[in-house]
Structure formats: structure tokens, C-alpha cells
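Here are two short exercises on one protein model. Work through each task before you read its solution.

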Amino acid sequence: MMPNLGRAVKYDVIVVGAGHAGCEAARACARMGLRTSMITMNLDLIAQMSCNPAIGGIAKGHLVREVDAMGGVMGEVADAVGIQFRLLNTSRGPAVWSPRAQCDKKQYRVRMREVLEREENLRILQAEVAGLWIEQDSIYGVHLRDGRSIASYAVIVTAGTFLNGIAHVGEKQYSCGRNGEAPSQLLGEQLRSLGLEWARLKTGTPPRLDGRTIEWDRFEAQHGDSEPTPFSFLTRGIDRQQVPCYVAYTTEETHRILREAIHRSPLYSGQIEGVGPRYCPSIEDKIVKFPEKLRHQIFLEPEGLDTYEVYVNGMSTSMPTDVQCAMVASVPGLQNAEMIRPGYAIEYDAIDPRELNHALMVRRIPGLFLAGQINGTSGYEEAACQGLVAGLNAGCWLGGMEPLLVGRSEGYTGILVDDLVTKGAEEPYRMFTSRAEFRLHLRIDNADERLTPIVRRCGIVSSERWMLYEKKQTQKSRVLSFLCEHRVNTAELALAVDDRPTYAVWLRRPAASIQVILGVIREFLGEEPAPGLLTTIETELKYAGYIQQQHRQMERLRDSEDRRIPDTMEFGAIPGISREVSEKLRRVRPETLGQAGRIPGVTPAAIAVLAVYIDLHKRAV
């Protein structure tokens, strides 16, 4: 329930921070009709891509498609400023196909700011938030460093790596946020005083090089797809200039330089205390942990069309600057490369996400939502989907509506949130397709079918998006009926089939492709099929048996999610549940039996006992 502030309230929601989480949260709230303020320390760095200027990738591309399907903005902006598009994992099944785009770094933030400034209900302020305005465990707004206080009914904190951030370059260290910006120490100190559980995490970035000093002909060019795959369901096509990236490799000399200087690495000298991302290690970490590898792949990626700055993907480091220079020069073709800026590691504060519920609201402070790296995640895409979830749920909370919760069977977004609030994040959390129980269902082509209807009640889905969605679903129904009812015309299509199966039966054959009958489908529809429609239809026909099996498994999961655990249940008083398990249950406070079963250390036997007591509680009520 919203607090009765008793003060003049200018905004319904205040979003602290303007990174990828903050942008999604602010736009979502504004589109829901809420008076929204987004506060950032630098207006010129809205949606800054402080690490790799790329969007998407394995599983991350799924998240961007889902953000777009739910009315978010990341996909549209990436499509507008992408300079190289690639659909990854195409040698494998459609469940793991993932789009990725190298973006123009400067244009991404320029375009994002333009999009946000067009939102009628959104105001962007440049200021530093020194603290949250909290009284009696209720949020009242924020206090600014310049002495002002701004009242609101809800606050969404998306502070990224700014909370008590410290950068490391060799033996040198200095306080900063991202990319050398000022840290947010006052807010960090106040948040630590709230009694929430916290962790110290680390991330890093590689050196940037001057492209004019690179011998490009020494490297293998990696071009994008001839037909780019967009992120947004609204994008009709990509006609922007595309550029290649280049593949390079470290050498034995690179490894020697790093091994001899490893004692100067803050990662191994004990200078860095934060836990780094396991799946994106620094180059020195790779050398130490994989001594048998003779070389490591790196990518030279342009940061934009109007800059010579080049991002060295795969060479994240916190080594001293002189070691970084020698390391870069040891790669053939980079011996004369000039370093525009060195790589660095950054430590920062992150909350234990088990302090949150599935709406990303702090359990003990109603109206306070957290999203992004402050929750222990790593990556632009993970931040964006959290920002959208937090923004939508802030709107639902203020409007007295039920929270908008994406289930594990409905999206990677739901998996990410559920993993965070039930398991915590002992290291920076990164999304992988292997985290999904129902990968064949959670594909990029059907993200709109899975999620757009869920969020429509929030008012964030535009009429254009809904019309496109309905048209696609109508076409899908018509085409499926046609394929199931009509038989292959072997003479007309010159298909080598002995019998005359229906098109649907024929498409289940491994060698069959729906592109062969594209003309037949166009003639039947009398118009062009909606983007992605044919991929969805072909996948659902080819993998029908597996998809039906997953649907049965999803039903069992939904059954366990429907069995809600009463808020008043005392886990320690249940016979048959050990003290260790009951403490884990008390710490997380799962809302359903399904969530309880995913808490690490909670045994199947304990879940069986808990299920019995849930039923007893229902009968008693």
C-alpha cells in the first residue's frame, strides 16, 4: 500500500541512475501514465556502453527480444545504431539461436536520450542522489547532494557499479563509478546502513586501441550477416552501413609477459577483494587457470563509425599500464598499436537479491525497487530486463494491481529474476541458455507470443505493436490450418517425394524447408508473412513432439507455482524440516512451493513435508 506522504509530491516514481536498467524502468513507468523522474549524474552519458559496445549474444539476445516484446526500448535503439549484426548458434537448433549487434557507442546513447526525451510523462534531471528518503520503513523519495529533497511514492534504484566503486589498474586504485566517472559513495553508505545483506563484486574492461595504428591486414575479418536479424518486432529492416570485426590471438610471448608480471596483478596480489564473473575472466585469469592453452582468441571491434577507437574483446585486464602495453604489442599486427586508454577492474557494492521479491521490490521497504548490477548481475541485457520488470511492477504497485511476474516457463526474464531472488548471486550473474528448463519453448521468434499479452494490461504495449502481434497470430492460425489440410503439389514445386503428404507432414522431414513453399504461402495469404512467422511455424512443426513434451513439463511446474506458501508460515515449527533448511526458507521467504524447491540446499524431502503443511494450512483456513 502506498504511503500517505502528507507532502507535495511532484513525481509518482523516481528512477535513480540512467544506465540500461534505469532507461527501461523510467520509460516503462512513463508509458504507464506515471509522473516519472530519472536522475543521473551526467545527462550526456545516458545509456553509456561502458564496456563492449554490443547488444545481445548467446542467451542475451533472447533477453533483448523479450524486453522488446514487453514494450521495452533496448531492441529498437540497437536496431537503429547497429553497425554489425550476426545471428549466433545457427549451426545448432532454433532454441539457441541468438542475435547480436555491434553498436555505434556514441549513437546508442544519443538515440536513447532522444527516445526518452520524447516521453511526455518523463523528466530527466542531472543531480547526485545522496540518499533515499525513508521514514518508518516506507519510501518517501530521495535526497539530493545539493540539499534538495524530492518526494515520490516509489523509487527504483539502478546504480550499476557506482556504489562505493573502486577502479584498479595494477598497483594504482582510485574511487570511481564506470569509465572513470564519480562514484556514488553517499548513497552507497546509506544503503549499507539499511540492514540489507550486501556483497562486494568485481567486473573489468580491456584496453582500447587507436585503429589507425593497427595493421588490419594481419587479421581475419569477421563480417556480419548479409540479411541482419533485428532485435525488435517493430523493425522492418536494417539498412545502416555495416562494418567487419577482426579475429586475433594471443601468443606465447603474451603469456610469458603476463606470467612474469602476475605478482603485480591486483587480482592475485590480494588488492581486489570482490568476486568477478566466472564466465568472463580477465586475460591474466585465463593464463593462470588454463596454462595448457597455447593461445586465446580475441576480437578487435570498432566502437563506432566516426571514431578510431577499437575495443579489444577478450583481453579484459587490471594489469599495470606498462604490462598492458607490452601485452598488446606481443600480438602480431598490434606491435605498433597505440593504447587510447588502459583496461581496468572495478569493485562495487551489490545487494543480495534475496532481499527482494519477484517484483524486484525490497521486502522490508515497500515502494523501493532495485534493478541492474546492484542486484548482482553482469551485462547490459540482464540490467535492461530487470529495469523493465521493476518499472512495470512499480506501476502495478502504485495502481493497486497484482504484480506482473514472468514465470520460468514464460521467459528468460522470469528465469533471471527467479534465480536471483531464490538463489542469490555469489558472483556476477550472467544469463545462459543452459539455465532454461524449456529452451525449445523460449525461442527468440516467439518472444512476442509468450510475453506481449502478459504486459498489455499495464498499458505499455503500443497500438502499433498490438496490431502487429494480432496480425501475426491471425496469419499463424491460417497458415497452420492450410499446411495441415493441403497436400504437397510435387509437380508444381519439383519436390522429390514419392507420396503426397500434407505440407505439415512434409515439413517435419529433416531436409524440408518452409522457404521452398514461400510462394505457396504468399499466394494463400494474399500478403507477405509477418517477420519471423515462417520460422515459428517451421520450428513448431519440426519439433512438435519435443514441444508437447515440454508443455507437459511446464504444466507440472505451473502446478507447483500455484501452490502458494502462506506469509505467516513458520518454517522452524514444521516437524521433519531441518534447522538448516528452515533457515534457508526463512532467508528467502519463497512465495510458492516451486520457488522453495529451487533454493539451494532445500531437499526434495523437505519440499514433500512443506507440501503437506501447505495443504493442512489450507484446510484449517
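**Exercise 1.** At roughly what angle do the axes of helix α2 and helix α10 cross, and within what distance do they come?

**Solution.** The model is predicted: local features need pLDDT of at least 70, side-chain atom pairs count only at pLDDT 80 or more, and totals for chains, interfaces and linings use all residues. Residues are numbered from 1 along each chain as its sequence is written, and side-chain values use heavy atoms, with hydrogens and water left out.

Step 1. Find helix α2 at residues 60-69 and helix α10 at residues 380-398. Their axes (lines fitted to C-alpha atoms, for helices over the stretch in contact) come within 9 Å. They cross at roughly 30 degrees, on a scale from 0 to 180 degrees between N-to-C directions.

Step 2. Name the arrangement. Angles under 35 degrees count as roughly parallel, so α2 is roughly parallel to α10.

Step 3. List the contact (heavy atoms within 4.5 Å). Helix α2 brings K60, L63, V64 and V67. Helix α10 brings E381, E382, A384, C385 and L388.

Step 4. Sort these residues by class. The contact of α2 with α10 has 6 nonpolar, no polar and 3 charged residues.

**Exercise 2.** Why is C103 not bonded to the closest cysteine sulfur?

**Solution.** Step 1. Recall the bond. A disulfide is a covalent bond between the sulfur atoms of two cysteines.

Step 2. Apply the cut-off. A disulfide is a pair of cysteine sulfur atoms within 2.5 Å. The sulfur of C103 lies 11 Å from that of C245, the closest one, so it is too far for a bond.

Step 3. Check C325. Its nearest cysteine sulfur, in C51, is 19 Å away, and C325 is in no disulfide.

Step 4. Give the total. By this rule there are 0 disulfides.

Conventions
Helix = DSSP H or I, 4+ residues; strand = E, 2+ residues; numbered from the N terminus. Parallel < 35°, antiparallel > 145°, perpendicular 65-115°, else oblique. Nonpolar A, V, L, I, M, F, W, Y, C, P; charged D, E, K, R; others polar.
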